[in-house]
Amino acid sequence: MISTDLSRFEFARHLTGAELLPEHSADFQRLIKDLRYGGEFQLLIVEFNDWNVREDLIRYIVKVLEQTGMTEGRIELNSEAFPDVATLEAELIRLAVSHGVVHLIGGESWFNDTRLDNFNLRREAIAQSLALRLLLWLDETTVRRFAQLAPDWWAWRGGVFCFCVSHHGIPAESPTPQLDPIDNRSLAKRSRRIGELHAFLNTEPPPPDELAGPLWDELAGLYFRLGEWDKALHIRTEEQLPVYERLGDVRSKAVTKGKIADILQARGQIDEALRIRTEEELPVYERLGDVRSKAVTQVKIADILQARGKLDEALRILTGDVLPVFERLGDVRSKAATQIKIADILQARGKLDEALRILTDELLTVFERLGDVRSKAVTQGRIADILQARGKLDEALRIRTEEQLPVYERLGDVREKAVALFKIAQIETQQNQPELAVEHLATAFQLIEATHYSDGLAAVGEVYGKMLCEKGEQEQGLKVLGTAHKAALQLGQSERAKRIAELMQSFA
Amino acid sequence: MTYTPPNNILTILNSIEFQEPLALGDPRYVNTQEARGSQKTLKRLALKFGLMLTDGQFFPPSQKHSLFFGHRGSGKSTELHHYARELGKPGRFFVVEVDIPKQLDCNNLQFADVLMVLARSLLAELKELTLNLPQDALVELENWFAERVLNTEEAKEFTLEVKTTVAAKGGIPYLLELLAKFTSAFKSNVTYKDNLRRVIRNSFTQFAVVFNKLLETVEQRLQEEGLAQRVLFIVDGTDKMSKADTGRFFVEDAELLLAIDTLVIYTAPLTLKYEGNLTQSLDADLMLPMIKLYDAEGKPHESGGQAMRDILLKRADESIFTNKDDISRLVEHSGGHPRDLLRLLKLCCEFAEDKQIDTESVDQAIRQLASEYRCFLEPDDYKLLAEIDRNPVNIGNDERTRKLLYNLALLEYNDGSWRRSHPVIRTLQGYLLAQKSLTPTKTTEPLDPQP
């Protein structure tokens, strides 16, 4: 069904790749893929021309492979420690017992013609006796030498990866900000884009503010969607806001503050989020006469009210204030996004038929027409909620696993993925499959913990902690419940907090 | 059970192992005889050993040592498995298949090692067959070991090892254990390996006599039982030796090989064919051609394209490609070389960041393979490749041409009658420049020129 290890690994692979120079990203992704999914023995040739870059890359590889439990070793090739190929082979055999990957460093000077010849002679014997991925780090000249002098050995390569750095100081081309509200870029494309943006924004001298502002915005948005909320918040407050302050761009500053509030709201810092929206964002839009931005902010305020159980007030804002604005503006996408929230409230009030009608008859078609795969997946999730409430569990599970989850995985949308996994676990519990449910809850909780998404911590933590306690893992279960309790209190969800406290008491 | 090709990128990536030939019955096997234009290869091979495949007439020569050439990774091993099945039908040959890389260290190989493996493989097959040999059939071979090997000063370490570990006392089990010790010593690079080789070389004439006698007895018994007419060794992996070992094995020691009166097929690297220093006694004109995607005039060769496509789609389900035209592009850029087609597929799986292989990944895979070829090419290589592409008819060999053939930068078609550069090389800037610098006449179209 869903391989949780796989998606965690893929996520780490892409996010780590985003930290590299853009030109190294593709080869890094490829190399990691080979290490993880390729054969047990592989000889991978890694070309580099900067020692610092090599060391950084090795650290990154270690970081990603931690997800797989694969341990790494390192051999510094020098004539004293390894006078010949036989001693190297003996060391490889020793390391293979407890390591999956070994970095061979220093080959450029160590591989003289005799050793190259002997290594070539022993290659099949080494391959047959070792379950080890060998990363042979070499400079360009040595790679060429290998290819020319040992063609058999070369034909036997598992892959060639190039991490050379251009020292010519060619200025990076300015990336065009991608401001399309519909962002269907895959996780791989997003991580590559992060690398490109970093490379450009961190050049010396820094790019002009007019150019940098929208790019910092895009970068923070990418991090936010990928669940890297600390990084997103840091960029919004430390890079983006100062840019707009310097430019005296009041509107962009307000929009950025709204996006900071998005992060705080997702983390459960509701009061501070509400304060920013009402005191620092709304008044600016009102003063500027920006009705659209005002309506968008009102939707966010309605979200907070809804989370606090004030459904009537939230519904009034959405239907009375917001929807007419978007209709008047002809803003189909924002209107559809508002309708999803209205459907949520209708569903919470038990008006399932009306909610289902809006979702299937109006929204699915709109998002399909717009080509907005993420919003379409969100809508399908709401439909699955209603089907689940009506006992149509198989169909609800199918939508979650086949329609929704693959989209979030492709987009790298951690928050929505965690929610989908939580919902899947709920259905599995109803289908009397507690083992599967716990497995999916564990992954959902892990993803949520990594992002500090408070609402998720409270909701998922309550169910996951309870299930752990019930299956006898009380210590772990109580720890999870404790985290959930703290999150519920922070969110002002007093009823949930009380329920969790009672659970903790009963299992203590 | 019907075979279904994998449709998951990670499964495909994990299953691509291009060092391993396909075993008989492997569902991924594709018959490539028509595609290579090599329908006659098996027929010719059989005829060399006296068998007319069409009507079953059989007049085997007393001995023949044939070399079977082909590019590295062109599918020789897989084809030989299929030839073995055909030649080993009842009443024909008692085929003994010998997989050298599995039994010996291919990268440090001498005739003595191969000789011991031939003997071991024959005895192992005989043991399986439970063919009753005359009681004294093995005595001379046992004596040769006892007197010429185990009693020598040079082999004393080996003898000690044999005395302490070999349990069987005589007959096939004893010889099998003994020969296993030899091959294990040759493979594991023990210190006394060279001593052992020297001992065998010094008493080789006597070995040839007793081994030939044994072969004669075995063939007589096979004929009496109506099982086969002759023993035929198919030795695979001898094309994977280092250049120095290849020369020593097929050139310097050729006369020693020929002293064994039997029928043998050895796989051999293509460059050996053109070095011109092989002894006349070795039969050296049979080669497995590459799969042709075009003919010498540049007209598409449909069965070649189809076979390569089949090879690819047996490894990866068609649904894995977002654009079906990309399948043809991969085939085109493989040059009809099966291993490079698999390498391209592997690269596609590495580059693909979704659940399918898209056009961008295919482009990246082609660029990557091209850049790996660029690693060993020298400026003059491009010039020569462009010249050959302009006139693909094989007009001879110099050292550079042989090197390019060995490195697969130059591919040979139709039993070697014409050649063409590897298609990925034609996308490289170096090639394009070299091509431009030629005097204008008909040239081969570059594939997807790369900046």
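**Confidence, chain contact, helix packing and domains in a predicted model**

The structure is a predicted model, and for chain A the mean pLDDT comes out at 87, with 95% of the residues in that chain reaching 70 or more. Confidence isn't spread evenly along chain A, though. The low point is helix α1 (residues 4–17) of chain A, where the mean is 74, while the high point is strand β3 (residues 101–105) of chain A, at 95.

Next up is how the two chains meet. On one side, 25 residues of chain A take part, and they are in contact with 23 residues of chain B. Helices α2, α6 (113–129), α7 (140–149) and α8 (151–155) of chain A each put two or more residues into the side of chain A that touches chain B. Of these, α6(A) chips in the largest share, with six residues. Sorted by class, that side of chain A holds 11 nonpolar, nine charged and five polar residues.

Helix α2 turns up again inside chain A itself. The axes of α2 (residues 22–37) of chain A and α9 (residues 187–201) of chain A come within 8 Å of each other, crossing at roughly 150°. Because of that angle, α2(A) counts as roughly antiparallel to α9(A), the cut-off for this label being over 145 degrees. As for handedness, the crossing of α2(A) and α9(A) is right-handed. The residues that do the touching are P22(A), S25(A) and Q29(A) from α2(A), and they meet A188(A), R192(A), G195(A), E196(A) and A199(A) from α9(A). In terms of class, this helix pair brings together three nonpolar, three polar and two charged residues.

Over in chain B, the story is about domains. The domain assignment splits chain B into domain 1, made of two stretches (1–33 + 295–451), and domain 2 (39–287). Taken over C-alpha atoms, the centres of domain 1 and domain 2 of chain B are 34 Å apart. Where the two domains of chain B meet, 20 residues of domain 1 are in contact with 16 residues of domain 2. On the domain 1 side of that contact in chain B, at least two residues each come from α17 (338–351), α20 (399–406) and β6 (410–413) of chain B. The most comes from α20(B), which supplies three residues. This side of domain 1 of chain B divides into 11 nonpolar, five polar and four charged residues.

Note on methods
Residues are numbered from 1 along each chain as its sequence is written. Chains are lettered from A and ligands numbered from 1 in the order in which they are written. This is a predicted model: local features need pLDDT of at least 70, side-chain atom pairs count only at pLDDT 80 or more; totals for chains, interfaces and linings use all residues. Axes are lines fitted to C-alpha atoms, for helices over the stretch in contact, and angles run from 0 to 180 degrees between N-to-C directions. Helices (H or I, at least four residues) and strands (E, at least two) are DSSP runs, numbered from the N terminus. Angles under 35 degrees count as roughly parallel, over 145 as roughly antiparallel, 65 to 115 as roughly perpendicular and the rest as oblique. A crossing is left-handed if the near helix is turned anticlockwise from the far one by less than a right angle, and right-handed if clockwise. Two residues are in contact if their C-beta atoms, placed from the backbone, lie within 7 Å. Ala, Val, Leu, Ile, Met, Phe, Trp, Tyr, Cys and Pro count as nonpolar, Asp, Glu, Lys and Arg as charged, and the others, Gly among them, as polar. Domain bounds come from an automatic or database domain assignment. pLDDT is the predictor's confidence in each residue, from 0 to 100.
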